Amino acid sequence: MIETVSVKGSTQVKKKCVFVVDDHPLLRQGLALMIDREPDLMVCGEAEEAQAALKEVAARKPDILIVDISLKGPDGIDLLKNLRALYPDLPVLILSMHDESIYAERALRARANGYIMKQEATEKVLVAIRRILAGDIYLSEKMANKLLHQYVSGVARNDQSRLSALSDRELEVFRQIGEGRSTREIAENLHLSIKTVETYQAHIKEKLSLRTGRELVQHAIQSKINERAD
């Protein structure tokens, strides 16, 4: 959806519509205030979870989405996959607080048009939006260089290489374990049964060569600490 705004001298500016999906109201408000100040951009809708976003996108027909990875219920990667099935060409910028060296590659594999860390969102999000609307892919310079290096040399950190064996859902369960959440809490957050979460935990232990639930928790917490240190 594009809104045409009349300004002095009969010049018209066509504003591109931005839709924000994030479960933190303050972050949505902050992004909306920043974007709405721009002469060529406007926020035309918001949602805090995936199902509501799919309904609103169908009604509002935005030009670009900003989607947080961590949502209640289906996460941002799941939402991105659903969006790609319905709207193959709709630009999507993934916003996340999580280690971009792990999640950016997954987002790109799911056909995101860009990935930006929340820490740099205030200064880079407008650049990212405009670059994506122009048909480009947006990554931080650090991440772009890292992916290029991995492509050329085949080198990756051992821990990241092991985590890459996890499916998107297994990685989300692993991340929430690292945040100290119980199996029941993870099941509620992801709208899954406890048995299903336990099955994911068993798969994670097998893929990461971990023997016990305690080792799984310790490894998940250490991975979270490493992520923050990066």
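**View 1. The whole chain, with its eleven helices and six strands.** This is a predicted model. The protein chain runs to 230 residues, and 47% of them count as buried. Take the contacts between residues at least 6 apart in sequence: 62% of those join residues at least 24 apart. On the outside, the protein chain exposes about 12,000 Å², with carbon and sulfur atoms supplying 52% of that area.

**View 2. The one disulfide of the structure.** Here Cys17 is joined to Cys44, with an S to S distance of 1.6 Å. The pair ties together distant parts of the chain: Cys17 sits in strand E2 (residues 12–21) and Cys44 in strand E3 (residues 41–47), 27 residues apart. Are these two cysteines buried or exposed? Cys17 has 0% relative accessibility, so it counts as buried. Cys44 is buried as well, at a relative accessible area of 8%.

**View 3. Asp22, in the loop between E2 and helix H1 (25–36).** Loop residue or not, Asp22 has 0% relative accessibility and therefore counts as buried. What does its side chain reach? That would be the backbone nitrogen of His24, at 2.8 Å.

**View 4. The contacts around Asp22.** Skip the neighbours within four places in sequence, and Asp22 is still in contact with Leu27, Arg28, Ala47, Glu48, Asp68, Leu71, Leu95 and Lys118. One of these partners, Ala47, falls within the residue range of strand E3 (residues 41–47), the strand that also holds Cys44 from the disulfide view.

Notes. Residues numbered from 1 in each chain as written. Predicted model: local features only at pLDDT ≥ 70, side-chain atom pairs only at ≥ 80, totals over all residues. Heavy atoms only, no water. Helix = DSSP H or I, 4+ residues; strand = E, 2+ residues; numbered from the N terminus. Buried < 20%, exposed > 50% of the residue type's maximum accessible area, 1.4 Å probe, protein only. Contact = heavy atoms within 4.5 Å. Areas by Shrake-Rupley, 256 points an atom, 1.4 Å probe, with all protein chains shown as cover. Disulfide = S-S within 2.5 Å. Polar contact = N/O pair within 3.5 Å; in protein donor to acceptor, adjacent residues only side chain to side chain.
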